[in-house]
Amino acid sequence: MKRFRYMKAVSVREAIGIFAAEPGAALMAGGTNLVDLMKYDVSTPTVVVDINGLPLHDITEQPDGGLRLGALVSNADVAYDPRITERYPLLSSAILAGASGQLRNMATVGGNLLQRTRCSYFYDVQVPCNKREPGSGCPAKTGLNRGHAILGASPLCIATHPSDMCVALSALDATILVEGPRGVRSIPFSEFHRLPGESPERDTTLEPGEIILAVDLPLLPPSMGYSYLKIRDRLSYAFALVSVAVLIKIDDRIIQQAHLSLGSVAHKAWRDKDAETLLVGAAPVRAVFKRIADRLLDSAIAQEQNGFKIELAHRATVRCLEQAAAGTPQSQANKRIC
Ligand code: SF4
């Protein structure tokens, strides 16, 4: 690990001031990803700014009936908050599907959004990686790519975003509240993470010096069915091969509204609102769900080792839609898919 200076910010403006003035600065909250990146010399900040003293630790009611999650609320505190478990059980379920109890106690809302890909080449500074060192190459394209992207990849990077929480936030149409040198702004969740394109080193649309203040959850219509289905190599403490988050509203056996997001298939949580529109007005039956899965995955492209993820994503999409439509969401206490 390289030497660095440590500073503790006591206000949002102070944190932004340091972050904007020092190009080599990194913000640290729970540190569950940053510290690993520093140990591997993937991240070599000149200054680590501890932001745990900032007043961003609360979950608050919003005038529109939604909830605001402060950026420094721990993942565990979000998952177990009664307002979340009652009003946004999809989010609680997705968070509990991820990491371990210890990690969820330390990891924060903002940090979860900003975690880096788990592509093994990204963490090995002995090999090239366009995300870590732009222009150096992408060994994953001809190497180990079993867990990599099947949607939205670019010739420069085929990495996936590893978060479970973000898949639920995508389906929930959350909004990210950020502040930087130019003031405060809100970013729709769908515009927060980027596809790799020509600049895979950039994971988000945050501008220099901007920090996350909160995540806003909108008021949902009553009686929405939900399910978060995570498919992985082992039942706990593993990143997803494919995950699916579904919110669905059904009246009189007709789908009124549907939100569907796929995780671990792309550089960001993957939504196709045109495909969701095709669900509206249809009956909640397997044939319809299969057609939507076909549509969602019709542009999927496999790498040498991950062709199985296309079929896996298709089946997981159909299963998750069926679970949500039936009001029988995937249990996170019994993670077996049955
Ligand atoms: Fe790096 Fe992306 Fe290629 Fe992985 S997939 S080696 S993160 S450029």
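The largest cavity in this predicted model has a volume of about 90 Å³. Its lining counts 17 residues, and Cys119, Cys129, Lys131, Cys138 and Cys157 sit closest to the centre. A cavity here is a set of points on a 1 Å grid over the protein atoms alone where a 1.4 Å probe fits but cannot get out, and lining residues have an atom within 4 Å of a point. Volumes are the space filled by probe spheres set on the points, with grid points joined across faces, edges and corners.

So what takes up the space of the largest cavity? The ligand does, where sitting in a cavity means that more than half of a molecule's atoms lie within 2 Å of its grid points. Around the ligand there are 14 residues, with Cys119, Cys129, Cys138, Cys157 and Ile158 coming nearest; the cut-off is a heavy atom within 4 Å.

The whole structure holds three cavities of 30 Å³ or more. The second largest cavity has about 50 Å³ of space, and Arg116, Thr117, Lys131, Thr160, His161, His193, Asp203 and His267 line it. There is also the second largest pocket, with about 420 Å³; a pocket is an open set with protein on both sides within 12 Å along at least five of seven lines. Among its 19 lining residues, Arg118, Gly147, His148, Phe239 and Ala240 are closest to the centre.

Here is how the residues split by class (Ala, Val, Leu, Ile, Met, Phe, Trp, Tyr, Cys and Pro are nonpolar; Asp, Glu, Lys and Arg are charged; the others, Gly among them, are polar).

| Site | Nonpolar residues | Polar residues | Charged residues |
|---|---|---|---|
| Largest cavity | 12 | four | one |
| Second largest cavity | no | five | three |
| Second largest pocket | seven | eight | four |
| Shell around the ligand | 11 | two | one |

On to the salt bridges: 19 turn up across the structure, each a side-chain nitrogen of Lys or Arg within 4 Å of a carboxyl oxygen of Asp or Glu. One of them joins Glu179 to Arg13 at 2.6 Å, N to O. The two are 166 residues apart, with Glu179 in strand β6 (residues 175-180) and Arg13 in helix α1 (residues 12-21). Helices (H or I, at least four residues) and strands (E, at least two) are DSSP runs numbered from the N terminus.

Lastly, β9-β10-β11-β12 is the order of a four-stranded open antiparallel sheet, where pairing takes at least two DSSP bridges. β11 (residues 254-263) and β12 share two bridges, and Ser261 has Arg271 of β12 as its bridge partner.

Residues are numbered from 1 along each chain as its sequence is written. Local features need pLDDT of at least 70, side-chain atom pairs count only at pLDDT 80 or more, and totals for chains, interfaces and linings use all residues, while side-chain values use heavy atoms, leaving out hydrogens and water.
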